[in-house]
Amino acid sequence: LQLGPAVLGVMGTFIAKGMPVSHTYLPLEMTAAKGDTSVQVEPRVTWTVGDEIVITPTDYDAHAAEVRTITEVARTTTGHSILHFALALEHEHYSGPLLTYGNKRSVRMQ
């Protein structure tokens, strides 16, 4: 059985528990650079200060996934949310077009 990246393989039962939220995952609106202390996502979210988020890797290094605790949620006039956190990112998280095998597709963190 071969599973690619970004796949959760469960052989048995998987139970996830937690508080209901408006969105469980979202793409980044723009690339988050190493050292950034915020990320921007498109829809307004119901996430609050103290919530933990995982910023997934956009390369093949599984260790590039980063857990951050939200310290502030800012709203933009265009309907986006900016999620701030105290600890700076250690890796770049790319968001944008990617040309593969002659096809253009979008790659974004979730």
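Which strand do four bridges join to β2, and in which sense do the two run? Here is my note, point by point.

1. **The answer, and what kind of model this is.** Four bridges tie β2 to strand β3 (residues 66-75), and the two run antiparallel. Two strands are said to pair if DSSP finds at least two bridges between them. Before you read on, keep in mind that this is a predicted model: local features need pLDDT of at least 70, side-chain atom pairs count only at pLDDT 80 or more, and totals for chains, interfaces and linings use all residues. Residues are numbered from 1 along each chain as its sequence is written, and side-chain values use heavy atoms, with hydrogens and water left out.

2. **The parts list.** The protein has six strands and zero helices, giving the pattern β-β-β-β-β-β along the sequence. Both kinds of element are DSSP runs numbered from the N terminus: helices are H or I with at least four residues, strands are E with at least two.

3. **The sheet.** Four strands make an open sheet in the order β1-β4-β3-β2, with antiparallel pairing. The edges belong to β1 and β2 (52-55), each with a single partner strand, so one side of each has no neighbour in the sheet. From one strand to the next, the twist averages 45 degrees; axes are lines fitted to C-alpha atoms (for helices, over the stretch in contact), and angles run from 0 to 180 degrees between N-to-C directions. As background, strands of a sheet pair through backbone hydrogen bonds, either parallel or antiparallel.

4. **Who faces whom.** Start at β1, which is joined to strand β4 (residues 81-85) by four bridges, running antiparallel; here S38 stands opposite H84 in β4. Next, β3 and β4 pair in the antiparallel sense over five bridges, with R75 opposite S81 in β4. These two strands also form a hairpin with five residues between them, and G79 in the turn has a positive phi of about 90 degrees. On the other edge, I53 stands opposite R68 in β3, and E52 stands opposite T69 in β3.

5. **A strand with two faces.** Look at β2 side-on: I53 and I55 point to one face and are buried, while E52 and V54 point to the other and are not. Buried means under 20% relative accessible area, exposed means over 50%, and partly exposed is in between (1.4 Å probe, protein chains only). Across the protein's 110 residues, 25% count as buried.

6. **Two buried residues worth clicking on.** I70 is found in strand β3, and it counts as buried because its relative accessibility is 1%. Leaving out residues up to four places away in sequence, I70 touches W47, T48, V49, G50, D51, I53, L83 and H84, where contact means heavy atoms within 4.5 Å. The C-alpha atoms of I70 and T48 are separated by 6.9 Å, though the two residues are 22 apart along the chain. S81 lies in strand β4 and is buried, with a relative accessible area of 0%. Not counting neighbours within four places in sequence, the contacts of S81 include V39, V41, P43 and A74. S81 and T46 are 35 residues apart in sequence and 9.6 Å apart in space, C-alpha to C-alpha.

7. **Contacts overall.** Take the contacts between residues at least 6 apart in sequence: 52% of them join residues at least 24 apart.

8. **One salt bridge.** A search of the whole structure finds one salt bridge, meaning a side-chain nitrogen of Lys or Arg within 4 Å of a carboxyl oxygen of Asp or Glu. The side chains of R68 and E66 form it, at 2.6 Å from N to O. Both R68 and E66 are buried. In general, side chains of opposite charge can pair when their charged atoms come close.

9. **The outside.** The protein exposes about 7900 Å², and carbon and sulfur atoms supply 55% of that; accessible areas come from the Shrake-Rupley method with a 1.4 Å probe, and for residues only the protein chains shown count as cover. L8, V10 and F14 make a nonpolar surface patch of about 320 Å². Patches are made of residues with over 30% relative accessible area and no salt bridge, joining like charges within 9 Å and nonpolar side chains (Val, Leu, Ile, Met, Phe, Trp, Tyr) within 5 Å. F14 lies in the segment before β1 (38-41), and it counts as exposed because its relative accessibility is 55%.
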